[in-house]
Amino acid sequence: MATSLGSNTYNRQNWEDADFPILCQTCLGENPYIRMTKEKYGKECKICARPFTVFRWCPGTRMRFKKTEVCQTCSKMKNVCQTCLLDLEYGLPIQVRDTGLAIKDDIPRSDVNKEYYTQNMERELANSEGTRPGGQVGKATSSSDMLLKLARTTPYYKRNRPHICSFWVKGECRRGEECPYRHEKPTDPDDPLADQNIKDRYYGINDPVADKLLKRASAMPRLDPPDDKSISTLYIGGLGESVTDGDLKGFFYQFGEIRTITIVQRQQCAFIQFATRQAAEMAAEKSFNKLIVNGQRLTVKWGRSQAARGKEGEGVSEMGTRLDPVPGLPGALPPPPPLDEEAPANYFNLDPSAPPAIMNLTLPPPPGLNPPPPGFVPPMFHPMGPMVPPMPPPPMSMRPPGQIHYPSQDPQRMGAHAAHGARQGD
């Protein structure tokens with residue numbers, strides 16, 4: 001086995017000597033002018049146990065000093081940073097990267113096999129151009145949508161902050177503001193993120209950070225193809241006024257032959273029908289949640305068949321998604337009872353078997369007027385029954401004497417005697 005700094009120089013020709021480390025943008029820091037210290041054969045690689053050149057630097061103000069942890073050969077085999085051991089392309093743990101690219105790790109774990117495998121990889125990397133990573137990562141041809149969604153687009157410099165001051169936690173730190181460590185409350189010791197191992201991260205096993213990201217990826221929305229194989233139509237929503245059928249055709253033609261493109265201007269959506277189901281599935285996979293045309297972020301969903309559209313009525317939106325009921329709204333009204341044409345309409349819920357009651361309403365006279373004469377009969381109101389045509393009033397010759405029908409015929413009103421004498425004089 002290789003030894004590091006002892007008097008034994010066994011296999012020293014395989015010790016690594018480098019001029020600059022392999023680092024990610026986060027570990028390098030935001031300061032473009034950085035000062036590094038270089039120590040030749042300063043430490044053993046924590047993966048292959050071979051001595052390598054150690055670099056140490058400070059990534060920024062109020063940040064902790066960082067150093068390389070693994071050799072460049074182990075870094076190139078996995079395409080990771082020498083310090084944080086995260087993927088250089090996506091900034092994700094190795095376990096997440098290998099899961100997204102469907103890579104199976106074949107690096108041996110025993111000391112003898114590990115040394116033999118490392119020597120072969122060094123020879124392979126020396127013969128290559130050096131632009132692509134080695135091992136199974138360099139053989140991966142396609143990227144993964146899951147990795148593109150989880151990958152960081154900007155550096156995360158908070159990862160370079162100092163560690164928490166253990167003396168401050170115990171209440172014994174006397175440095176104050178001059179303390180190079182953070183004076184913050186530590187996280188829960190039972191948190192799985194508090195227990196991380198550099199070898200587990202490199203080999204992609206039992207990594208708590210990777211487990212957290214994989215759970216987040218499984219909870220992300222995805223577009224599953226429908227069971228009906230005859231559906232080859234995609235629904236495109238949120239078009240606006242700037243997106244035309246030519247813009248949609250210019251983007252979707254790369255996935256396969258397009259049969260028709262139908263734009264509904266009133267609903268600002270479009271339906272794209274492909275000639276084959278395979279082309280529609282590829283278009284849905286490549287454009288779901290990341291389709292932007294003319295600055296408009298568009299919604300991509302699967303279309304529905306005519307049979308399914310006829311069966312699903314209420315509670316379904318125009319895009320094919322089922323809507324949840326709104327709390328607080330009244331439910332559907334019950335259907336009205338069947339009408340019987342022979343039964344009379346009873347609008348006031350009166351008992352039809354009871355005899356009709358006669359209601360005599362006698363209103364008091366207004367103040368200043370005499371009460372009505374003794375022969376005056378108030379009008380009678382009957383309950384609503386079958387509609388009967390009203391009786392016409394009797395002629396004047398058949399009316400009983402003394403019966404008053406109108407206020408003008410009241411003999412006690414003012415001027416009634418004068419009017420009666422004038423009529424007799426005529």
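Which residues does K38 touch, not counting residues up to four places away in sequence? In this predicted model, K38 touches D17, A18, D19, T53, V54 and F55. The place of K38 is in strand β1, which spans residues 36–44. With a relative accessible area of 46%, K38 is partly exposed, since partly exposed residues lie between the 20% limit for buried and the 50% limit for exposed. Two of its touching residues also take part in polar contacts with the K38 side chain. The backbone oxygen of A18 is reached by the side chain of K38 at 3.2 Å, and the side chains of K38 and D19 are joined by a polar contact of 3.4 Å. P21 is 17 residues from K38 along the chain, and the C-alpha atoms of these residues are separated by 9.7 Å.

On the sheet side, K38 stands opposite F55 in β2. Strands β1 and β2 pair in the antiparallel sense, with 6 bridges between them. A further pair in this ladder is formed by K43 and F52, the latter being the bridge partner in β2. The hairpin of β1 and β2 has 6 residues between the strands, and in this hairpin A49 takes a positive phi near 65°.

Strand β2 also pairs with strand β3 (residues 66–67); this pairing is antiparallel and consists of 2 bridges. Here W57 stands opposite K66 in β3. Together, 3 strands form an open sheet in the order β1-β2-β3, with antiparallel pairing. Strands β1 and β3 are the edge strands, as each pairs on one side only. Strands of a sheet pair through backbone hydrogen bonds, in either the parallel or the antiparallel sense. Of the 7 residues of strand β2 (residues 51–57), 6 are buried, so this strand is largely enclosed by the rest of the structure.

A second region of interest is helix α11, which covers residues 277–287. Its buried residues are R277, A279, A280, A283, A284 and S287. They cover an arc of only 160° around the axis, and therefore lie on the same side of α11. An α-helix has 3.6 residues a turn, so residues three or four places apart point the same way. The cover over the buried residues of α11 includes β4 (233–237), α10 (245–252), β6 (269–274), β7 (291–293) and β8 (296–302). At the N-terminal end, α11 is capped by T276, a side-chain oxygen of which lies 3.3 Å from the backbone nitrogen of A279. After α11 comes N289, which has a positive phi, near 65°.

The nonpolar cores were examined next. The largest nonpolar core has 21 residues, and L234, I236, L248, F252 and F274 are those with the most contacts inside it. Two or more residues are given to this core by each of β4, α10, β6, α11, β7 and β8. Helix α11 provides the largest share of this core, 4 residues. For L248, residues up to four places away in sequence not being counted, the touching residues are I236, L239, V243, I261, A270, I272 and L298. Apart from the largest core lies another core, of 17 residues, which includes I47, V80, I94 and Y203.

Key:
Residues numbered from 1 in each chain as written. Predicted model: local features only at pLDDT ≥ 70, side-chain atom pairs only at ≥ 80, totals over all residues. Heavy atoms only, no water. Buried < 20%, exposed > 50% of the residue type's maximum accessible area, 1.4 Å probe, protein only. Pairing = 2+ DSSP bridges. Arc of directions from axis to C-beta. Contact = heavy atoms within 4.5 Å. Polar contact = N/O pair within 3.5 Å; in protein donor to acceptor, adjacent residues only side chain to side chain. Core = buried A, V, L, I, M, F, W, Y, C linked by side-chain atoms within 4.5 Å.
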